[in-house]
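Ready for some practice? Take a look at the chain below, then work through the exercises one step at a time.

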Amino acid sequence: MEDAKIDTGRIVQGGFDTLGRHFPAYLALGLLLGGLPTFAMQWLILNGAVDPSGAFGFSLSSPIYIASWIISALGGYLLQATIVRTAIVDLGGTRADIGTSLAIAFRFVLPLLGLSIITTVLTFIGLVFLIVPGIIVYIMFIVSVHALIEEGGGVFHSLQRSPDLTR
């Protein structure tokens, strides 16, 4: 088997080209799915609906805070999945449709949530063991979302596939 050469410059240029072609849509999605939920969560904290210290009867374990955190996290996962899907389609030479990519991302909300929990826990465990193993685990699973969205094999399939792709 012949060693494949990776042209990093071509890859980076393709990424910037894709970003440029979809910048308005990515910006709108980023504000809607990432910025708005985060703003709402911070607004709740700043206006006293949630008190991080717990001094006023509310704390970070309050249902309001937990619900806003879950909505913010899910928005981030949907945003990531949508961008990954449009980038894969666009880099494949086909015109990418943001609406279709968002619909596909919605199909993967629960697997994305499970994938993020597993990768976060594994990375944290690796970080506990002198930081370097955590960095290695993070790099191993860095394309697990891509594998999940593109191959659709499920959480454990994408966790198994990601180290192969990063190798």
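A residue counts as buried when its relative accessible area is under 20%, as exposed when over 50%, and as partly exposed in between. Keep in mind that this is a predicted model.

**Exercise 1. Describe the overall make-up of the protein chain.**

Step 1: Start with the secondary structure, which comes to eight helices and zero strands.
Step 2: Now apply the cut-off from above: of the 167 residues, 32% are buried.
Step 3: Turn to the surface. The chain exposes about 10,700 Å², and 71% of that comes from carbon and sulfur atoms.
Step 4: Finally, check the contacts with a separation of 6 or more: 54% of them are between residues 24 or more positions apart.

**Exercise 2. Work out how helices α3 and α5 are arranged.**

Step 1: Find α3 at residues 63–91; its axis and that of α5 come within 10 Å and cross at roughly 105 degrees.
Step 2: Angles of 65 to 115 degrees count as roughly perpendicular, so α3 is roughly perpendicular to α5.
Step 3: Look at who meets whom: L74, Y77, L78 and A81 of α3 are in contact with V109, L112, L113 and S116 of α5.

**Exercise 3. Decide whether S101 and V121 are buried or partly exposed.**

Step 1: S101 sits in helix α4, residues 98–107. Its relative accessibility is 3%, so S101 is buried.
Step 2: Leaving out residues up to four places away in sequence, S101 touches T82, R85 and T86.
Step 3: V121 belongs to helix α5, residues 109–128. With 44% relative accessibility, V121 is partly exposed.
Step 4: V121 is also one of the residues in a nonpolar surface patch, together with I117, L122, F124, I125, V128 and F129. The patch has about 680 Å² of accessible area.

**Exercise 4. Explain what the salt bridges of D90 and E150 tie together.**

Step 1: Recall the idea: side chains of opposite charge can pair when their charged atoms come close.
Step 2: The structure has four salt bridges. In one of them, D90 pairs with R21, with the closest N and O atoms 2.4 Å apart.
Step 3: D90 is in α3 and R21 is in α1 (residues 8–21), so this pair ties together parts 69 residues apart in sequence. D90 is buried, at 12% relative accessible area.
Step 4: E150 and R85 form a salt bridge too, at 2.7 Å from N to O. E150 is in α7 (residues 144–151) and R85 in α3, so the parts tied together here are 65 residues apart in sequence.
Step 5: E150 has a relative accessible area of 40%, so E150 is partly exposed.

Note on methods: Residues are numbered from 1 along each chain as its sequence is written. This is a predicted model: local features need pLDDT of at least 70, side-chain atom pairs count only at pLDDT 80 or more; totals for chains, interfaces and linings use all residues. Side-chain values use heavy atoms; hydrogens and water are left out. Patches are made of residues with over 30% relative accessible area and no salt bridge: like charges are joined within 9 Å, nonpolar side chains (Val, Leu, Ile, Met, Phe, Trp, Tyr) within 5 Å. Accessible areas come from the Shrake-Rupley method with a 1.4 Å probe; for residues, only the protein chains shown count as cover. A salt bridge is a side-chain nitrogen of Lys or Arg within 4 Å of a carboxyl oxygen of Asp or Glu. Helices (H or I, at least four residues) and strands (E, at least two) are DSSP runs, numbered from the N terminus. Buried means under 20% relative accessible area, exposed over 50%, partly exposed in between (1.4 Å probe, protein chains only). Axes are lines fitted to C-alpha atoms, for helices over the stretch in contact, and angles run from 0 to 180 degrees between N-to-C directions. Angles under 35 degrees count as roughly parallel, over 145 as roughly antiparallel, 65 to 115 as roughly perpendicular and the rest as oblique. Contact means heavy atoms within 4.5 Å.
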